[in-house]
Structure formats: C-alpha cells, structure tokens
Amino acid sequence: MLAQVHPCPSSLMSDGDVRLDGAMKRVEAELFTDGGNDAVVRLPDRRFPGVLIQGDSLHILRSDLAEVMEACERGELAEARESARLVMAGLDALLTRYASALEEHGIPRPY
C-alpha cells in the first residue's frame, strides 16, 4: 500500500476508537504478515518494517519480565531462569517471524 497521511476526522472513527487530542493521524502502512498480535508492518518514510505489538501483549511481556525480576529478588534463581527462558522463547518467535517476513519480501535485515 502507498502511504497517505491525513488527520483522522471523527466521522471515520469507529465507536471503539480512542481519540488522542490532535496527535493521531491516519496513515496507510505496508503489512508484511497477517494482522494478528505481532504484525510486521512498515510505516511511511521508514526503510525497514517493524513489529506491531498490541497493548495487551506488551503488558503481558512486561508482566513476564517483572516475574523474572521478582524471582531474582527473592533469590529463586531456578524460577527466574525458567521465567526468563519463556520470555526469551517468545521474543525469539517474534524475531523469527520478523526475519521470515523480511526474507519473503526480499528485504535485508537491519541488524
């Protein structure tokens, strides 16, 4: 899709949309994977795509990392290690999805 940037009039917003007092713009972005909770998208004027993580998924990731820290603070290193392993596995899956989407579209990795 070609990018078009313009203010988002209230008439185009659905009932569930949240308006951010003039800070929000409606843009077209390139979607490299299905929409899902971890879509690979490229925003206008960006060379490389990124991963869009939904807010609830971001909150879960933060909570998972908080569990690792809390286990470390309690000295429960085995529990911390297991929790960290699960977080790492989730991040590895995101990175694999990202790398696969780039490869599928002939885009070099930015790292």
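So, the lining of the largest pocket: by class, seven of its residues are nonpolar, two are polar, and none are charged. Keep in mind, everyone, that this is a predicted model. The residues doing the lining are Val27, Ala29, Val41, Leu43, Gly50, Val51, Leu52, Ile53 and Gln54. Strand β5, residues 50–53, supplies the largest share of that lining, with four residues. As for volume, the space in this pocket comes to about 280 Å³.

Now let's move along to the second largest pocket, which holds about 220 Å³ of space. There are 13 lining residues here, and the closest to the pocket centre are Ile53, Ser57, Leu61, Gly90 and Leu94. Which elements give two or more residues to this lining? Those are α1 and α2. The class make-up of this second lining is eight nonpolar, three polar and two charged residues. You may have spotted Ile53 already: that residue is in the lining of the largest pocket, and it is also listed among the closest to the centre of the second largest one.

Since α1 came up, let me stay with that helix for a moment. Helix α1 covers residues 55–73, so to speak, 19 residues in total. From first C-alpha to last, α1 reaches 27 Å, close to the 27 Å expected at 1.5 Å a residue. Three residues to look at in α1 are Ala66, Val68 and Ala71, which are buried. And what covers the buried residues of α1? The cover includes α2, residues 77–104. Finally, if you step just past the end of α1, you'll find Gly75 with a positive phi of about 80°.

Notes:
Residues numbered from 1 in each chain as written. Predicted model: local features only at pLDDT ≥ 70, side-chain atom pairs only at ≥ 80, totals over all residues. Heavy atoms only, no water. Expected span 1.5 Å × (residues − 1). Buried < 20%, exposed > 50% of the residue type's maximum accessible area, 1.4 Å probe, protein only. Contact = heavy atoms within 4.5 Å. 1 Å grid on protein atoms, 1.4 Å probe; cavity = no way out; pocket = protein on both sides within 12 Å on 5 of 7 lines; lining within 4 Å. Points joined across faces, edges and corners; volume = space filled by probe spheres on them. Nonpolar A, V, L, I, M, F, W, Y, C, P; charged D, E, K, R; others polar.
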